[in-house]
Amino acid sequence: MQTELDSIIEVVYEKVPYLTTRAEVELYKATILGPKGTMTAVMKSMGQLPKEERPAAGKLINQAKSSVITAFNDVLQRIDASEMATRLGPSIDPSLPSPDPDRGTLHPISQVREEIVQLFSRIGFTVAEATEVETEYYCFDALNIPADHPARDMQDSYYLPDQLTVANMSKHADEKYLLRTHTSTVQIRTMLESKPPIRIIAPGRCFRRDTPDATHSANFHQIEGLYVDENVSLLDLKATLDHFVRSIFGSKAKTRLRPSFFPFTEPSFEMDFYSPDLGKLSNKWLEIMGCGMVDPEVFKSVDINPDRFTGYAFGMGIERISMILQGVDDIRYYYQNDIRFLKQFA
Ligand code: PHE
């Protein structure tokens, strides 16, 4: 019996390395351990042995059986592992860095926004944000922009349907919701929420019904600045803007304030700068923002005493600044999501 069992084990161990699928293993296993299997036949023959020899024979058979079962289990494990490997692909090593070379980067507009926000953070401004959907009150009325002002025109603004309800935002019955046309809305929301001293920088997306061309986009970004305290003067505004322009466009840059008009600042200015470090653009005065001293009418609408407090505000288009810094001559490139364009700023 021992030799019979030995030869079964030998055959099994010879055959097993050639089995490659689970089905093959099961089929083969049946020829050994199944009802008609060779090992089963040896077990059955035990009945013919004299009684006293049976325990020893049973022991031998059990040993042999566990030996072949081990062989089958090993081969099944090997097959499992190789199936897993084919599913995972060649040489997976989870500790290696990703083989994908195309890691994302910040969009060029976001890069410039971050740079400007960082710069103002370092001189004491905190970031404030507000919603892109607004009511006419925050976008216009509280900013002293009268009902007949052209900025409120249907041609200029995206008004939302009257029946719309906007979560957490109430409006008067005769008011409209619209997409904010500038970030100056954040001035109002901030001054209603907190008392002076206030020193905020507010980056955000704005919308106007402009026909897209090289310098206009219906969707664009602004950064608003607001500083309100006792004794804030035009000199503070000029000094802050000088610092900003020199940090962004080169230490030899110069600024100039040109008289202008905004309903929410008095006096109002356009700020131009030139910088000898700007290469092609270095001889030109470039206009980059509107600014001025907060109009007392605005203070009244947010319940700040204009006899005690003064303030300055400014607002600039991020795209305009990005285009100057990055040498981009068409604003539409920023919105086409063309990887060849975006990669240049990675
Ligand atoms: N909100 C103005 C615009 O969009 C810019 C501005 C902001 C002007 C703050 C003065 C003060 O054109």
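**Group meeting: a walk through the predicted model**

Let me start with a proline: Pro 197 is found in the loop that runs between α7 (185-193) and β4 (198-207). What you have on the screen is a predicted model, and within that model the peptide bond leading from Pro 196 to Pro 197 is cis, with omega near 5°. There is another bond of interest, joining Glu 266 and Pro 267, which is also cis, with omega about -5°, and here the proline belongs to a strand, namely β7 (residues 265-274).

I mention these bonds because most peptide bonds are trans, and most residues other than glycine have a negative phi. On the matter of phi, Asn 144 has a positive value near 65° although the residue is not a glycine, and its place is in the loop between α6 (136-139) and β3 (177-179). Asn 168 lies in the loop between α6 and β3 as well, and its phi is positive too, near 60°. Are these asparagines buried or exposed? Asn 144 counts as partly exposed, because its relative accessibility is 30%, whereas Asn 168, with a relative accessible area of 83%, is exposed.

Now let me step back to the chain as a whole, which has eleven helices and nine strands. Its radius of gyration is 39 Å, well over the 20 Å that the globule rule gives for 346 residues, and therefore the chain is more spread out than a compact globule. Taken along the principal axes, the C-alpha atoms fill a box of roughly 120 × 55 × 40 Å. Of the 346 residues, 40% count as buried, and the chain exposes about 19,700 Å², of which carbon and sulfur atoms supply 53%. If we consider the contacts with a separation of 6 or more, 67% of them are accounted for by residues 24 or more positions apart.

Turning to individual helices, I would like to spend some time on α4, in which the 35 residues should span 51 Å at 1.5 Å a residue; the end C-alpha atoms are 51 Å apart, so expectation and model agree. Among the buried residues of α4 are Ala 57, Ile 61, Val 68, Phe 72, Leu 76 and Ile 79. What covers them? The cover of the buried residues includes α1 (2-15), α2 (22-33) and α3 (38-45). Asn 73 also lies in α4, which covers residues 54-88, but this residue counts as partly exposed, because its relative accessibility is 41%. The C-alpha atom of Asn 73 is separated by 9.5 Å from that of Val 25, although the two residues are 48 apart along the chain. Just after α4 comes Gly 89, which takes a positive phi of about 85°.

Helix α5 (residues 108-122) can be read in a similar way: for its 15 residues we should expect a span of 21 Å at 1.5 Å a residue, and the end C-alpha atoms are 22 Å apart, which agrees. Its buried residues include Pro 108, Ile 109, Val 112, Ile 116, Leu 119 and Phe 120, and the helix is followed by Gly 124, whose phi is positive, near 95°.

Phe 120 brings me to the aromatic residues, since together with Phe 125, Tyr 227, Phe 244, Tyr 312 and Phe 314 it forms one aromatic cluster. Phe 125 has a further partner, in that the charged end of Arg 199 sits over its ring, 5.8 Å from the centre. Elsewhere, the charged end of Lys 15 sits over the ring of Tyr 28, at 5.6 Å from its centre.

How many aromatic pairs does the structure hold? There are 13 aromatic pairs, and one of them is the edge-to-face pair of Tyr 334 and Phe 341, with 5.6 Å centre to centre and 80° between the planes. Tyr 334 is buried, because its relative accessible area is 2%, and Phe 341, at 9%, is buried likewise. Phe 341 forms an edge-to-face pair with Phe 345 too, with 5.1 Å centre to centre and 65° between the planes; like Phe 341, Phe 345 is buried.

Definitions and conventions:
Residues numbered from 1 in each chain as written. Predicted model: local features only at pLDDT ≥ 70, side-chain atom pairs only at ≥ 80, totals over all residues. Heavy atoms only, no water. Helix = DSSP H or I, 4+ residues; strand = E, 2+ residues; numbered from the N terminus. Buried < 20%, exposed > 50% of the residue type's maximum accessible area, 1.4 Å probe, protein only. Phe/Tyr/Trp six-rings, centres within 6.5 Å; stacked < 30°, edge-to-face > 60°. Lys NZ or Arg CZ within 6 Å of the ring centre and 35° of its normal. Rg over C-alpha atoms; globule rule 2.2 N^0.38 Å. Contact = heavy atoms within 4.5 Å. Areas by Shrake-Rupley, 256 points an atom, 1.4 Å probe, with all protein chains shown as cover. Expected span 1.5 Å × (residues − 1).
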